[in-house]
Amino acid sequence: MDITTTPAWSALVRAPKPKPAHLRELFAADRDRAARYTLTIGDLRVDLSKNLVDEPVMRALIEVVAASTFEERRQAMFAGEAINSTERRAVLHTALRAPAGTRVDVDGHDVVSGVHQVLAAMAVFAERVRSGEWRGAGGATIRTVVNIGIGGSDLGPAMAYLATRAFGRGDLSCRFVSNVDGANIAENLEGLDPATTLFVISSKTFTTIETLTNAKAARAWLVDALGVDAVPAHFVAVSTNAEQVEAFGIDTANMFGFWDWVGGRYSVDSAIGLSLMIATGPDRFREFLDGFHLVDRHLCDTPLHANVPVVMAALGVWYSNVLGAETKAVLPYAHDLRRFPAYLQQLDMESNGKSVHLDGTPVATTTGAVVWGEPGTNGQHAFYQLLHQGTRLVPIDFIGFARPNHARVEQHDLLISNLFAQGEALAFGKTLAEVRADGVPEHQQAHRVFPGNRPSTTIMAPQLTPSVLGQLIALYEHIVFVQGCVWDVNSFDQWGVELGKALANRITPELAGVEPTMHDSSTAALIDWYRANRT
């Protein structure tokens with residue numbers, strides 16, 4: 001369905017394009033604007049009032065979502081239908097956090113019972129490691145867990161581990177290896193004792209070349225220190241390929257599976273989160289899953305105008321398709337969420353970075369957004385200049401918390417004061433008259449004007465807990481889903497990563513001496529140069 005052919009879309013982008021007043025004027029004319037544009041979802045308070053919308057625009061945006069396939073695709077997704085049309089798969093990351101007793105059938109089989117069987121096995125293993133019952137080959141307890149994966153098998157658990165580190169234990173830490181660059185695993189093995197190290201190899205097929213390359217390097221490091229017989233005590237797998245797991249030397253009793261209806265970027269709440277469960281414990285991991293499920297229910301049960309993922313998705317459509325924004329900044333004012341923008345890059349850009357509709361015809365709109373960000377206040381001393389006085393429209397999501405996960409409350413007050421101040425300054429700016437009233441020298445006056453009218457959403461929660469982290473992740477998962485429905489793209493495949501990987505597999509032996517096959521002149525010259533200089 002091409003949304004641009006609908007009356008709802010025509011109303012949204014009618015000529016002349018609807019242009020709300022400046023945020024200064026919108027707030028001045030409506031003292032209740034902040035209250036009317038603040039929604040709640042679980043523990044999240046979402047202030048949308050500093051966005052460039054008025055009531056006619058908001059109504060038009062909600063009508064666009066209503067005119068899309070969102071409601072039918074939402075129902076199909078939760079029912080286990082194969083909405084990933086190109087791979088003919090169900091899309092059931094929501095089943096990963098469904099409570100026990102829920103039933104979702106795929107090909108006649110209830111998948112939720114299988115999810116809870118895996119969760120139970122994970123919990124038993126995690127408690128064995130945490131209690132010291134699981135020991136290395138020499139009898140030592142595990143002190144470091146090294147997760148080896150790539151993409152969603154790394155970004156999700158790595159981000160979540162940092163975000164929930166306050167709920168872990170000081171004597172049990174996790175490290176994460178993803179990049180095939182040998183410097184990554186070398187850095188993460190540095191200073192570790194093989195006798196107290198456990199490796200979690202996360203690869204659904206157990207054939208992902210980057211992950212297997214790093215896994216083999218880790219195995220060689222361990223075998224060199226402890227011998228080959230030590231491998232089963234120091235390696236476990238998150239995979240579905242028992243044959244390859246066993247060939248590696250891992251006992252398949254210590255293999256934790258997941259399913260083809262779980263996309264990598266949606267998998268942190270599956271067995272891919274094993275390292276996170278070990279770090280925080282099974283009870284906290286359950287809280288994490290409950291946070292996801294709370295937002296799932298909100299998506300299903302809340303009217304469109306109050307449905308937070310729907311409204312935030314609609315605002316993204318407004319900025320991208322109507323106002324011409326090319327990027328979106330996510331700026332968490334929480335050091336523990338420093339990997340969250342990178343996590344959202346994959347979630348959003350791999351999902352909706354598509355140029356054809358579900359039926360294969362070209363899209364008629366821009367899709368997706370370039371997602372980026374850094375934690376506050378670091379970003380204030382890097383790129384906020386462009387946000388405040390540059391020429392580009394960059395919608396922003398600020399994220400903050402009332403209570404820190406540390407005892408330095410005064411520093412937290414300073415952090416959050418900066419969050420609130422940045423949102424205010426971006427929205428309202430500073431006029432030339434105000435600059436002059438401050439006595440600014442004439443030659444500086446134009447340079448110290450802040451135009452304002454820069455849009456932002458502020459998401460606040462009482463504290464960054466495992467449940468709240470689950471809520472945040474699920475919120476953005478569903479924003480991506482709703483936008484994919486509006487744009488009529490498949491948010492659950494990722495063919496765009498395949499071509500480069502296939503070419504890399506062809507080039508790898510050519511770098512080591514096999515005569516190059518046909519390439520363009522630039523690539524052929526790069527291969528020749530590398531071969532001449534690699535030794």
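Which residue in E6 does Asn147 stand opposite? In this predicted model, Asn147 stands opposite Phe176 in E6, and the pairing of E5 with E6 to which we turn next is parallel, extending over five bridges.

## The five-strand sheet

The strands of this open sheet follow the order E6-E5-E7-E8-E9, and their pairing is parallel. Strand E6 (173-177) and strand E9 (255-256) occupy the edges with a single partner strand each, so one side of each is left without a neighbour in the sheet. On its other flank, E5 pairs with E7, again in the parallel sense and over five bridges, and here Ile148 stands opposite Ile201 in E7. Strand E7 (residues 197-202) in turn pairs with strand E8 (residues 235-238) in the parallel sense over four bridges, where Ile201 stands opposite Ala237 in E8. Ile201 therefore links the two pairings, since it stands opposite Ile148 of E5 and opposite Ala237 of E8.Strand pairings, including one from the second sheet described below, are listed here.

| Strand pair | Sense | Bridges |
|---|---|---|
| E5 and E6 | parallel | five bridges |
| E5 and E7 | parallel | five bridges |
| E7 and E8 | parallel | four bridges |
| E12 and E13 | parallel | seven bridges |

Is strand E5 enclosed or open to its surroundings? Five of the five residues of E5 are buried, so this strand is largely enclosed by the rest of the structure. In a regular strand the side chains alternate between the two faces of the sheet. In E5 both faces are covered, with Thr144, Val146 and Ile148 buried on one side and Val145 and Asn147 buried on the other.

Helices accompany these strands. E5, helix H7 (residues 152-163) and E6 together make a right-handed β-α-β unit. Helix H9 (residues 209-226) lies across E5, E6, E7 and E8, and runs at about 160° to E7.

## The six-strand sheet

A further open sheet is formed by six strands in the order E1-E2-E13-E12-E10-E11, and in this sheet the pairing is mixed. Its edges are strand E1 (38-41) and strand E11 (370-372), each of which has a single partner strand, so one side of each is left without a neighbour in the sheet. From one strand to the next the twist averages 20°.

Within this sheet, strand E12 (residues 396-403) and strand E13 (residues 456-463) pair in the parallel sense over seven bridges, and Ile399 stands opposite Ile459 in E13. Helix H14 (residues 308-322) packs on the sheet, where it touches E1, strand E2 (44-47), E12 and E13, and its direction makes about 130° with that of E1. Helix H15 (residues 340-352) also packs on the sheet, touching strand E10 (327-332), E11 and E12, with a direction at about 165° to that of E11.

## The H21 and H22 helix pair

Two packed helices are described by the angle between their axes and the distance between the axes. For helix H21 (residues 498-511) and helix H22 (residues 521-533), the angle is about 40° and the axes are 10 Å apart, while the crossing in which H21 passes H22 is right-handed. The contact brings Ile507, Glu510 and Leu511 of H21 to Thr523, Ile527, Tyr530 and Arg531 of H22. Sorted by class, this contact of H21 with H22 has four nonpolar, one polar and two charged residues.

Terms used. Residues numbered from 1 in each chain as written. Predicted model: local features only at pLDDT ≥ 70, side-chain atom pairs only at ≥ 80, totals over all residues. Heavy atoms only, no water. Pairing = 2+ DSSP bridges. Contact = heavy atoms within 4.5 Å. Axes fitted to C-alpha atoms, helices over the stretch in contact; angles between N-to-C directions. Left-handed = near helix turned anticlockwise from the far one by under 90°. Nonpolar A, V, L, I, M, F, W, Y, C, P; charged D, E, K, R; others polar. Buried < 20%, exposed > 50% of the residue type's maximum accessible area, 1.4 Å probe, protein only. Right-handed = clockwise from strand over helix to strand, strands pointing away.
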